[in-house]
Amino acid sequence: MAEIKTYTQAGYDALQKELDYLVNVKVEENKKAVKRVNFNMDGFNTYGMLEAFKTLKINLMFCGDSIKTILVTSTVENEGKSTISAKLAKSLAESGKKAVLLDADMRKSEFLKDANEIVGLSELLSGKCELENVIYKTQDDNFDVIFAGRYSDMSVELLEGSALKNTLEVLKE
């Protein structure tokens, strides 16, 4: 029988270390200027984790085909928003659905803590680049990522503006 581990809030930091964190960032640019990043999610392959995400994915699929956007949020940090978002996007992509993980945490992104060379959502919303410049392919054909980008003092204003709404509409197509 598989061992199912549970973690309290106090044990969350230990869990992050155990998972070897979410993203192993290796940005590769090929001749077609396609940016690729490797999402390392091997730590999620425990029986309990796999079953939990399978159940979540199935429940979402029962909501119907009209659901195109899923928001994962909470009121405090370290509750697993990034972990759940990434694994859910990967799980949906593995089922043949097109998934784009949009990291909108432009102040304290969990995905790219020390990667200042990555352009992302903050540059897109501020008009410094186009959508095709911030989409990163992953090792899964149906799974792309848009990282938060560089820190901006105007992150709230950028997220409130019409550019985010327009971006989401384009991604839904």
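# Questions and answers on the model

User: Is Ser85 buried or exposed, and what is its relative accessible area?

Analyst: In this predicted model, Ser85 sits in helix H3, where helices are DSSP runs of H or I of at least four residues and strands are E runs of at least two, both numbered from the N terminus. Buried means under 20% relative accessible area, exposed over 50%, and partly exposed in between, with a 1.4 Å probe and protein chains only as cover. Ser85 therefore counts as buried, with a relative accessible area of 17%.

User: What is the basis on which residues are numbered and features are reported here?

Analyst: Residues are numbered from 1 along each chain as its sequence is written, and side-chain values use heavy atoms, leaving out hydrogens and water. As the model is predicted, totals for chains, interfaces and linings use all residues, while side-chain atom pairs count only at pLDDT 80 or more and local features need a pLDDT of at least 70.

User: Which residue offers its backbone oxygen to the side chain of Ser85, and at what distance?

Analyst: Beyond its neighbours within four places in sequence, Ser85 is in contact, meaning heavy atoms within 4.5 Å, with Val72 and Leu101. A polar atom of the Ser85 side chain also has a backbone oxygen close to it in sequence terms, that of Lys81, at 2.7 Å.

User: How many of the residues of H3 are buried?

Analyst: The buried residues of H3 include Ser82, Thr83, Lys87 and Lys90, together with Ala86, Leu88 and Leu92. Because of that count, H3 is largely enclosed by the rest of the structure: the buried residues number 11 of the 14.

User: What end-to-end distance should H3 span, and what do its end C-alpha atoms show?

Analyst: The expected span of a helix is 1.5 Å times one less than its number of residues. For the 14 residues of H3 this gives 20 Å, and the separation of the end C-alpha atoms agrees, at 20 Å.

User: Which residue in the loop before H3 has a positive phi although it is not a glycine?

Analyst: The loop in question lies between helix H2 (47–61) and H3. The residue is partly exposed, with a relative accessible area of 29%. Its phi is about 65 degrees, and the residue is Asn78.

User: Which residue of S5 is the bridge partner of Leu101?

Analyst: Leu101 belongs to the covered face of strand S3 (residues 99–102), together with Ala99, whereas Val100 and Leu102 form the uncovered face. S3 pairs with strand S5 (residues 143–146) in the parallel sense over four bridges, two strands being paired if DSSP finds at least two bridges between them. Val100 stands opposite Asp144, and the partner of Leu101 is Val145.

User: How many residues does the hairpin between S4 and S5 pass through?

Analyst: Strand S4 (135–137) precedes a loop that leads to S5 and holds Thr138. The two strands run antiparallel and are joined by three bridges, with Ile135 as the bridge partner of Ile146. The number of residues through which the hairpin joins S4 to S5 is five.

User: What is the distance from the backbone oxygen of Phe143 to a polar atom of the side chain of Thr138?

Analyst: Thr138 is buried, with a relative accessible area of 1%. Phe143 and Val145 point one way from S5, while Asp144 and Ile146 point the other way, and all are buried. The distance between the Phe143 backbone oxygen and the Thr138 side-chain atom is 2.7 Å.

User: Which residues of the largest nonpolar core touch the most other members?

Analyst: A nonpolar core is a set of buried Ala, Val, Leu, Ile, Met, Phe, Trp, Tyr and Cys residues joined through side-chain atoms within 4.5 Å. In soluble globular proteins, nonpolar side chains tend to be buried together. Of the 25 residues in the largest core here, those touching the most other members are Leu101, Leu121, Val134, Phe143 and Phe147. At least two residues of this core come from each of helix H3 (81–94), S3, helix H4 (121–125) and S5.

User: What share of the residues in the chain counts as buried?

Analyst: The chain holds six helices and five strands, which run α-β-β-α-α-β-α-β-β-α-α from the N terminus on. Among contacts with a separation of 6 or more, 66% are between residues 24 or more positions apart. Of the 173 residues, the share that counts as buried is 35%.

Terms used: Polar contact = N/O pair within 3.5 Å; in protein donor to acceptor, adjacent residues only side chain to side chain.
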